[in-house]
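Biologist: I would love a close look at a single part here, the interior. Could you walk me through it, with the cut-offs stated as you go?

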Amino acid sequence: MNLQRRAELVIVLIAAIWGTTFVTVKGALEDCSVILFLALRFTIAAVSLMIMLGRRVELNRKNIAGGCLTGALLITAYFLQTAGLKSITASESGFLTGFYIVLVPLFTAIVYKNVPGWREWLGVILAMSGIALMTLDSFHVDADQGAVLTLLSAAAFAAHILVLGYWTKKASMELLSVAQITTGAILCWAFLPFLEKPFIHQTPQLWFALIFTGIVATAFVFAAQTWAQKHTTSTRTALLFSLEPVFAAITGFAVAGERLTPKAVAGALLILTGILRIELKPTSVERNL
């Protein structure tokens with residue numbers, strides 16, 4: 001198995017981890033306000049990464065700046081998505097956030113003057129259609145403030161993938177991972193007083209969620225993504241991340257007893273079809289960022 005295949009399997013694993021966190025985080029947010037939860041989650045992740053990777057981090061001012069930029073984009077995406085949820089439903093948020101899958105190849109074409117091939121575009125369209133089936137109860141989303149903020153969060157997520165893909169070619173995985181997660185933690189604490197009135201009820205469920213999402217779904221995941229994006233393209237990364245709602249649906253069915261509707265199954269099959277369209281013919285990382 002070549003390096004690109006291994007990297008893309010890691011991205012699938014990341015999508016699986018994110019998909020399994022929905023049930024955990026949903027319960028935890030009954031005991032903790034959203035931004036405070038993010039602040040604690042990113043702080044735990046930053047400390048974990050410093051312990052695991054600290055001695056291997058080679059400081060470089062220019063590369064630290066790259067890590068801070070990726071961290072700022074990442075936490076901006078979370079902030080915008082959270083703010084948008086105040087006036088739209090979770091299903092609408094899931095669908096609108098999924099537009100980052102379309103925006104990544106668009107941004108790639110604009111920034112690098114490198115238009116992805118027809119296989120990538122077909123895969124993106126199929127995956128986006130699948131996300132629509134899996135997340136939306138109807139295809140009517142009002143263009144209100146929540147929808148606009150969520151679309152902006154999709155743009156920030158797309159920019160994060162693209163910028164991270166650029167800096168993985170220039171900086172070490174260790175430095176980028178520590179810098180972006182630490183930046184995220186600092187920004188969470190800085191903006192917390194302005195974004196919400198925080199509350200917390202310390203329960204075993206909350207602390208399990210914080211430790212799991214902090215160490216596994218943030219520290220491990222973003223370190224793994226930083227390594228993986230060095231060996232594949234940004235467009236393929238975004239498309240593989242479209243598996244997240246598939247894993248979320250499977251987890252909800254297995255853990256919470258949620259029903260898998262025919263529409264959700266059809267959506268999952270469309271996402272898988274879109275991914276297979278590009279995975280059956282790998283592309284060169286150098287040709288398509």
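**Inside the protein**

Modeller: Happy to! The accessible surface of the protein comes to about 13500 Å², and carbon and sulfur atoms hold 69% of that; areas come from the Shrake-Rupley method with a 1.4 Å probe, and for residues only the protein chains shown count as cover. Please keep in mind that this is a predicted model, where local features need pLDDT of at least 70 and side-chain atom pairs count only at pLDDT 80 or more, while totals for chains, interfaces and linings use all residues. Residues are numbered from 1 along each chain as its sequence is written, and side-chain values use heavy atoms, with hydrogens and water left out.

Of the 289 residues, 53% count as buried, meaning under 20% relative accessible area (over 50% is exposed, in between is partly exposed; 1.4 Å probe, protein chains only). The fold has twelve helices and zero strands; both are DSSP runs numbered from the N terminus, helices being H or I with at least four residues and strands E with at least two.

Now to the interior itself. A nonpolar core is a set of buried Ala, Val, Leu, Ile, Met, Phe, Trp, Tyr and Cys residues joined through side-chain atoms within 4.5 Å. The largest one has 71 residues, and Phe-37, Phe-42, Tyr-100, Ile-181 and Phe-241 touch the most other members. Helix H2 (residues 34-53) gives the most to this core, with eleven residues.

Take Ile-181: beyond its neighbours within four places in sequence, Ile-181 is in contact (heavy atoms within 4.5 Å) with Phe-42, Ala-45, Ala-46, Leu-49, Leu-74, Thr-218 and Phe-222. Apart from the largest core lies another, of seven residues, including Ala-159, Val-163, Trp-167 and Leu-176.

Two of those names lead to Gly-66, in helix H3 (residues 61-84). Leaving aside neighbours within four places in sequence, Gly-66 is in contact with Trp-167 and Leu-176. Gly-66 is buried, with a relative accessible area of 0%. Its C-alpha is 8.3 Å from that of Ala-179, although the two are 113 residues apart in sequence.

Helix H8 (residues 173-195) has 23 residues and spans 31 Å from first C-alpha to last, close to the expected 33 Å, which is 1.5 Å times one less than the number of residues. H8 has a kink of about 30 degrees at Trp-189, shortly before the proline Pro-193; the bend is the angle between axes fitted to the seven residues ending there and the seven starting there.
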